[in-house]
Amino acid sequence: MKLKSKNRHKRSFSQHFKLWLKPLLVFFLIASIGWSLVYYNPSELLKTRVSWEIDRSDLVNKTTLEAQIKPLIQGAYQLDLHQIKQRLEQHPWVQNAQVKRLFWDAINIHITTHKIAAHWEDIACNQSATLKKCQGYVTTQGVLITPDHLFFKPNSQTSEPLVLLKSNNNPEKSSTLLKDYQAYQAILADMKIHSLVRSNIDHLIIKPNMTVVLGYNNQQQRLKNFVKIYQKLRRKISLKRLHKATYDMRYPKGFTLKY
């Protein structure tokens, strides 16, 4: 009978485990709180996590953009997405910035960069070696960008080299310059423009090496006249000579041809 009594009071392993489980949980909870008090960094809790999508990192890099918006993302609870968007779009290569909140402390930023339409040079740079911002690019939207470093890459859609547009440094007129180049190229069709130079007059360099002087008015009509004349002359004169000639189309009833 006594043996049975001892067995009745003997605890199993599971009973011992349950007995010690609660004190262990309390110990780990206290240890976690202590660790948090020692290593807790409030700034990390409020830090905003940013994920980036940039379509052309060769034009603008993440490090530059992060520095640009750093003052605006210090408080995760007070993010102004519209202000972040405006700050990013101040970068010359950023055409559009989409800013979306993922969580209370995380945002996603998608950057669309400008597409390059032409290489640009300031015609005044030939006369002043100290003039800054002598070269740059005109975007497909007619925006003139003069970065510190040039990369001379063609458009991503084609392997053709960029056309060269030369003019005075006037960003407000860069859109008109691009539109006029596009109109000239449409008239020339298969003949490709190498460069358009706009000073007080317009003149074109057409591949391989033809110069066409268009003047300062009626340029499109004069270019149409050149196309007609060129088609006639190529039947009589060798292309080797025609492709090195200068065509001055400013005369009301004719033109001059210099080899």
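In which loop is A189 found? In this predicted model, A189 occupies the loop between α6 and β8 (193-198), where its phi is near 60°, a positive value in a residue other than glycine. With a relative accessibility of 44%, A189 counts as partly exposed. A second residue with such a backbone angle is N218, whose phi is near 55°, again positive in a residue other than glycine; N218 is placed in the loop between β10 and α7 and, at 54% relative accessibility, counts as exposed. Most residues other than glycine have a negative phi, and most peptide bonds are trans. With regard to the peptide bonds, the one from K207 to P208 is cis, with omega near 5°, and P208 belongs to the loop between β9 (202-206) and β10 (210-215).

These loops belong to a chain of eight helices and twelve strands. Of its 259 residues, 35% count as buried. Among the contacts between residues at least 6 apart in sequence, 46% join residues at least 24 apart.

Helix α6 (residues 174-188) and helix α7 (residues 219-233) have axes that come within 10 Å of each other and cross at roughly 25°. Because angles under 35 degrees count as roughly parallel, the two helices α6 and α7 are assigned to that class, and α6 passes α7 in a right-handed crossing. On the α6 side the contact involves A183, Y184, I187 and L188, which meet Q219, Q220, L223, K224, F226 and V227 of α7. Sorted by class, the residues in this contact of α6 with α7 comprise seven nonpolar, two polar and one charged.

Two residues of α7 can be described individually. Q219 lies in this helix and, at 16% relative accessibility, counts as buried; when its neighbours within four places in sequence are left aside, Q219 is in contact with Y184, D202 and L214. The residue Y184 is also among those of α6 that meet α7, while D202 falls within the range given for β9 (202-206) and L214 within that given for β10 (210-215). N225, likewise a residue of α7, has a relative accessibility of 30% and therefore counts as partly exposed. Although N225 and M249 are 24 residues apart in sequence, their C-alpha atoms are 7.8 Å apart in space.

A further helix pair is formed by α4 (residues 62-69) and α5 (residues 81-88), which pack at an angle of about 130° with their axes 10 Å apart. At that angle, α4 and α5 are oblique to each other, and their crossing is right-handed. The contact draws on L65, Q68 and I69 from α4 and on I84, R87 and L88 from α5. In terms of residue class, four nonpolar, one polar and one charged residues make up the contact of α4 with α5.

The model also contains one disulfide, which joins C125 to C134 with an S to S distance of 2.0 Å. The torsion about the S-S bond of C125 and C134 is about -100°, and the disulfide is therefore left-handed. Of the cysteines that it links, C125 has a relative accessibility of 17% and so counts as buried.

Terms used:
Residues are numbered from 1 along each chain as its sequence is written. This is a predicted model: local features need pLDDT of at least 70, side-chain atom pairs count only at pLDDT 80 or more; totals for chains, interfaces and linings use all residues. Side-chain values use heavy atoms; hydrogens and water are left out. Axes are lines fitted to C-alpha atoms, for helices over the stretch in contact, and angles run from 0 to 180 degrees between N-to-C directions. Helices (H or I, at least four residues) and strands (E, at least two) are DSSP runs, numbered from the N terminus. Angles under 35 degrees count as roughly parallel, over 145 as roughly antiparallel, 65 to 115 as roughly perpendicular and the rest as oblique. A crossing is left-handed if the near helix is turned anticlockwise from the far one by less than a right angle, and right-handed if clockwise. Contact means heavy atoms within 4.5 Å. Ala, Val, Leu, Ile, Met, Phe, Trp, Tyr, Cys and Pro count as nonpolar, Asp, Glu, Lys and Arg as charged, and the others, Gly among them, as polar. A disulfide is a pair of cysteine sulfur atoms within 2.5 Å. Buried means under 20% relative accessible area, exposed over 50%, partly exposed in between (1.4 Å probe, protein chains only).
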